Amino acid sequence: SAIGIYFANSIALQNDGKMVLTGYNNNRSDYDFSVVRYNSDGNLDNSFGIGGEITTSIGNHHDFGNAVAIQSDSKIVVAGFSNNGNDYDFALARYNSDGSLDNHFNTTGKVTTPIGNGNDYCTSMALQSDGKMVAAGYSFNGNNYDFAVVRYNSDGSLDTNFGSNGKTTTQIGTGHDYGTSIALQTDGKIAVAGYSFNGSNYDFAVVRYNNDGHLDAGFGIGGIVTTPIGNGNDYGNSITIQSSDGK
């Protein structure tokens, strides 16, 4: 790509077969969100952005795009994190089908969300059938990182019916807990996977939330499951829900 995506982190398929790739690129002073759309034959889609490519500066510092999803109205949502000058916050941008920023989304097409007083990293995002967006990752609690989930209304505002004013964090162990992937169940429950430090090394970790953002007591122990695979570090990076049985 001419704009130089140094890291491509996520891909989504449109109903028309076009492919949307997101990540970040260097603007010669810092990193910006980067989005590229390809036709089904692999050529850049010239009807999108400039020659099929878009860069978006969220703030005045580094911005990293990590996840992309396509709405039913063909608008494109990209999630990641942005440096506010002191630390990182969750960040989302929404684009119209032609690649222009959607000014119906937080009036600017962009929104940033601090969770704690330190770094907040969004690693994954999913779209609910009602148009709400659920972003997941991890947030610094002052001592270590916890799973973090934020839900937005379709206009980019925080959904105050979710967690505490749209946000929830979950401490799994006594050390770092990293949320890396999110999936939505058909019953509205939210599953987030990642890994958690058990005191000696990292184990797979899955947390399930009810639709209101509170932990689902019917899953694991108080909504949390950790699984050691071997005798060393075990990293969970992606999750999906089986359509046949909900596993």
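**Exercises: a sheet and its salt bridges**

In this predicted model, aspartate 120 is found opposite serine 139, a residue of β10.

**Exercise 1.** Work out which strands stand at the edges of the sheet β9-β10-β11-β12.

Solution.
- Step 1. The sheet is open, has 4 strands in the order β9-β10-β11-β12, and its pairing is antiparallel.
- Step 2. β9 (120–127) and β12 (167–170) each have a single partner strand, so they are the edge strands, and one side of each has no neighbour in the sheet.
- Step 3. On average, neighbouring strands here are turned by 20° against each other, direction ignored.
- Step 4. For β9, the pairing with β10 (residues 133–140) is antiparallel and runs over 7 bridges.

**Exercise 2.** Find which parts of the chain the salt bridge between lysine 18 and aspartate 45 ties together.

Solution.
- Step 1. The closest N and O atoms of lysine 18 and aspartate 45 are 3.0 Å apart; the cut-off for a salt bridge is 4 Å.
- Step 2. Lysine 18 is in the loop between β1 (5–13) and β2 (19–26), and aspartate 45 is in the loop between β3 (31–38) and β4 (53–56), so the pair links parts 27 residues apart in sequence.

**Exercise 3.** Decide whether arginine 208 and aspartate 216 are buried or exposed.

Solution.
- Step 1. Their side chains form a salt bridge, with 2.7 Å from N to O.
- Step 2. Buried means under 20% relative accessible area.
- Step 3. Arginine 208 has 14% relative accessibility, so it counts as buried.
- Step 4. Aspartate 216 has 5%, so it also counts as buried.

Notes: Residues are numbered from 1 along each chain as its sequence is written. This is a predicted model: local features need pLDDT of at least 70, side-chain atom pairs count only at pLDDT 80 or more; totals for chains, interfaces and linings use all residues. Side-chain values use heavy atoms; hydrogens and water are left out. Two strands pair if DSSP finds at least two bridges between them. Helices (H or I, at least four residues) and strands (E, at least two) are DSSP runs, numbered from the N terminus. Axes are lines fitted to C-alpha atoms, for helices over the stretch in contact, and angles run from 0 to 180 degrees between N-to-C directions. Buried means under 20% relative accessible area, exposed over 50%, partly exposed in between (1.4 Å probe, protein chains only).
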